Amino acid sequence: MAQPGPGEVHTTQAIQPAHANSRGELSAGQLLKWIDATACLAAEKHAGVSCVTASVDDIQFEETARVGQVITIKAKVTRAFSTSMEISIKVTVQDMLTGTEKLISVAFCTFVAKSVGNEKIHLKPVTLLTEQDHVEHNLASERRKVRLQHEDTLKNLMKENSKYDDLSCGEEEGAVSTRGTFVQSIELVLPPHANHHGNTFGGQIMAWMEMVATISASRLCPAHPLLKSVDMFKFRGPSTVGDRLVFNAIVNNTFQTCVEVGVSVEAFDCQEWSEGRGRHINSAFLIYNAVDDKEEPITFPRIKPVSKDDFRRYHGAIARKRIRLGRKYVISHKEEVPLCVHWDISNQESLSNGNVEDFKKLAAKSGWEVTSALEKIKIHTLEEHDILSVWVEKQVEKPAHLAYHLLSDFTKRPLWDPHYVSCEVIDWVSADDQICYITCPVVNGDKPKDLVILVSRRRPLKDSNTYMVAVKSVILPSVPPSPQYVRSEITCAGFLIHATDSSSCTVSYFNQISASILPYFAGNLGGWSKSIEETALSCIRFIENATDDGSVSMI
């Protein structure tokens with residue numbers, strides 16, 4: 001193992017039976033303790049003074065670890081601000097018998113340096129040694145912006161959700177109340193629960209929170225809850241030895257195979273305890289999956305909010321789910337894994353038909369959930385493992401054949417889509433298939449992107465009134481990557497245009513989002529941008545302003 005660099009700490013732990021849950025796996029609470037302690041060591045290594053946990057967010061649990069295995073926790077300061085630091089966490093597990101290693105968890109912590117006396121703290125900048133250090137340093141600034149605007153974004157999304165969801169939420173057959181999922185636990189803070197500052201150890205608080213959240217999730221259905229992620233543990237104030245900590249947990253909402261549990265923590269000293277006057281010191285939102293005795297995933301029942309507080313928590317969970325989708329790009333910035341196919345002229349019919357079939361499968365998937373709705377536009381999302389797909393549904397007051405004529409001509413796309421700078425046809429494969437070269441604008445200060453795509457158009461078959469335009473990236477030797485652009489990829493995308501009557505249609509745009517395309521969607525999905533809605537409205541205007549012969553007004 002490489003030696004830790006500046007502002008970096010590695011710790012190793014052997015998993016003992018005392019660290020495990022009832023399934024013989026490392027308990028999430030124990031892992032959270034180890035993560036917090038390791039992150040603190042990295043923060044204090046960089047700062048040279050005592051540091052305290054401000055928050056731990058975007059915690060993902062990728063895999064499990066079992067008794068007898070060894071885990072390694074790597075904590076690294078990615079960026080220092082004036083008095084706070086972001087620390088990235090990566091946890092891997094090694095099987096002692098086989099030697100195989102796999103990633104089990106990632107997270108980001110924010111620590112604040114404590115001043116000594118009246119001395120002002122101003123942290124030194126992080127030493128950047130590698131290209132990846134520079135990438136993470138830049139992304140840390142983006143992640144910080146997302147954290148700072150989180151509350152405003154959440155309020156705006158909750159207001160938006162309440163406009164269209166109050167009428168339908170809880171109306172599904174089998175919807176249940178969450179009242180039976182409420183759990184309260186009380187802990188007396190003893191000396192073994194304190195950290196080296198004399199306050200309650202943050203990792204211990206997180207472990208207690210995880211325990212009550214797990215009990216709450218298990219009450220929704222008879223199953224084994226598995227913690228998959230935590231939005232944020234936000235430390236709002238300290239507690240000390242002798243405090244009584246009251247933990248309240250309740251299910252907020254369910255999303256098919258996952259459930260969100262909210263946990264709040266209040267601290268009471270002796271006098272506050274007798275007066276019933278506590279201090280709100282922490283809150284978090286934990287996301288669980290569940291499996292049955294055969295290890296099969298369980299679908300949770302839908303939630304039926306009843307009280308005003310039920311509705312607030314219900315809508316808050318929907319908003320946070322949308323924010324999580326948008327944060328994926330600024331969390332990990334995953335490298336693109338090339339999936340597009342090499343264009344082979346001798347096999348062009350098979351490749352074109354494969355493009356259409358892949359798009360049909362994407363459009364036919366079940367489990368889509370509405371994340372935004374306007375008068376003429378609905379945005380749906382679908383998460384499958386690490387794959388995120390988007391479906392934008394638009395109501396257009398023009399015939400389907402006209403919408404098809406306009407949208408299937410990708411050279412017209414820059415007229416309405418701000419994500420396209422230019423588009424030219426570089427190969428007419430057939431009357432219904434063409435290869436296009438597209439350039440896109442700069443996003444987040446990177447180089448502009450370009451794409452080479454196969455566009456396959458299909459008119460309705462007999463007994464059908466649906467037009468189709470399927471799109472995917474291809475590799476064409478005659479158009480190699482240019483140093484001026486970042487070559488990007490469309491995995492699977494396109495339009496379905498369904499005639500509702502002779503003068504109107506529904507236009508559905510689908511996109512299985514690749515890592516290179518995600519930056520164009522991230523802000524919208526996360527709720528701090530309206531780029532998808534704005535582009536959809538532009539598309540509607542483009543079609544509705546066209547004449548019946550397909551001519552487009554440039555006014």
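Me: In which loop is Gln-256 found?
Reply: This is a predicted model, and Gln-256 has a positive phi of about 55° in it although the residue is not a glycine. Most residues other than glycine have a negative phi. As for its place, Gln-256 is found in the loop between strand S8 (244-255) and strand S9 (258-268).

Me: Is Gln-256 buried or partly exposed?
Reply: Buried would require under 20% relative accessible area, and exposed over 50%. Gln-256 has 35% relative accessibility, so it counts as partly exposed.

Me: Which strand holds Asp-58, and what is its relative accessible area?
Reply: Asp-58 is not a glycine, although it has a positive phi of about 50°. The residue lies in strand S2. Asp-58 is buried, because its relative accessible area is 7%.

Me: In what order do the ten strands of the open sheet stand?
Reply: The pairing in this sheet is antiparallel. Its edge strands are strand S1 (8-14) and strand S6 (183-188), each of which pairs on one side only. Neighbouring strands are turned by 25° against each other on average, direction ignored. From one edge to the other, the order is S1-S3-S4-S5-S2-S7-S10-S9-S8-S6.

Me: How many bridges join strand S2 to strand S7, and which residue in S7 stands opposite Val-56?
Reply: Strand S2 (residues 51-61) and strand S7 (residues 224-235) run antiparallel, and the bridges joining them number five. Opposite Val-56 in S7 stands Phe-233.

Me: At about what angle to S3 does each of the helices H1 and H2 run?
Reply: H1 lies across S1, S2, strand S3 (70-80), strand S4 (84-94), strand S5 (101-113) and S7. Helix H2 (residues 131-148) lies across S2, S3, S4, S5 and S7. With respect to S3, H1 runs at about 40° and H2 at about 75°.

Me: Which residues touch the most other members of the largest nonpolar core, and which element gives the largest share of this core?
Reply: This core has 74 residues, and Ile-71, Ile-87, Ile-89 and Phe-233 touch the most other members. The largest share of the core is nine residues, and it comes from H1.

Me: Which residues does Ile-87 touch, not counting residues up to four places away in sequence?
Reply: Ile-87 is one of the residues that touch the most other members of the largest nonpolar core. Leaving out residues up to four places away in sequence, Ile-87 touches Ala-39, Ala-42, Ala-43, Ala-75, Lys-76, Val-77, Ala-107, Phe-108, Cys-109 and Phe-111.

Me: What is the nearest side chain of opposite charge to Asp-36, and how many Å away is it?
Reply: Asp-36 has its place in helix H1 (residues 28-47). Not counting residues up to four places away in sequence, Asp-36 touches Thr-53, Phe-111, Phe-201, Gly-202, Gly-203 and Met-206. The residue is buried yet has no salt bridge; the nearest side chain of opposite charge is Lys-33, at 11 Å.

Me: How many salt bridges are found in the whole structure, and what is the N to O distance in the one between Arg-277 and Glu-275?
Reply: Side chains of opposite charge can pair when their charged atoms come close. A search of the whole structure finds 30 salt bridges. Arg-277 is partly exposed, with a relative accessible area of 42%, and Glu-275 is partly exposed at 44%. In their salt bridge the closest N and O atoms are apart by 2.6 Å.

Me: Which strands does the salt bridge of Asp-433 and Arg-458 tie together?
Reply: The side chains of Asp-433 and Arg-458 meet in a salt bridge at 3.5 Å, N to O. Asp-433 is buried, with a relative accessible area of 5%, whereas Arg-458 counts as partly exposed at 22%. The pair ties together parts that are 25 residues apart in sequence, because Asp-433 lies in strand S16 (residues 433-439) and Arg-458 in strand S17 (residues 449-458).

Me: What is the relative accessible area of Asp-450, and what is that of Arg-487?
Reply: The side chains of Asp-450 and Arg-487 meet in a salt bridge at 2.9 Å, N to O. The pair links distant parts of the chain, with Asp-450 in strand S17 and Arg-487 in strand S19 (residues 486-487), 37 residues apart. Asp-450 is buried, with a relative accessible area of 0%, while Arg-487 is partly exposed at 27%.

Terms used
Residues are numbered from 1 along each chain as its sequence is written. This is a predicted model: local features need pLDDT of at least 70, side-chain atom pairs count only at pLDDT 80 or more; totals for chains, interfaces and linings use all residues. Side-chain values use heavy atoms; hydrogens and water are left out. Helices (H or I, at least four residues) and strands (E, at least two) are DSSP runs, numbered from the N terminus. Buried means under 20% relative accessible area, exposed over 50%, partly exposed in between (1.4 Å probe, protein chains only). Lys and Arg count as positive and Asp and Glu as negative; His and the chain ends are not counted. A salt bridge is a side-chain nitrogen of Lys or Arg within 4 Å of a carboxyl oxygen of Asp or Glu. Contact means heavy atoms within 4.5 Å. Two strands pair if DSSP finds at least two bridges between them. Axes are lines fitted to C-alpha atoms, for helices over the stretch in contact, and angles run from 0 to 180 degrees between N-to-C directions. A nonpolar core is a set of buried Ala, Val, Leu, Ile, Met, Phe, Trp, Tyr and Cys residues joined through side-chain atoms within 4.5 Å.
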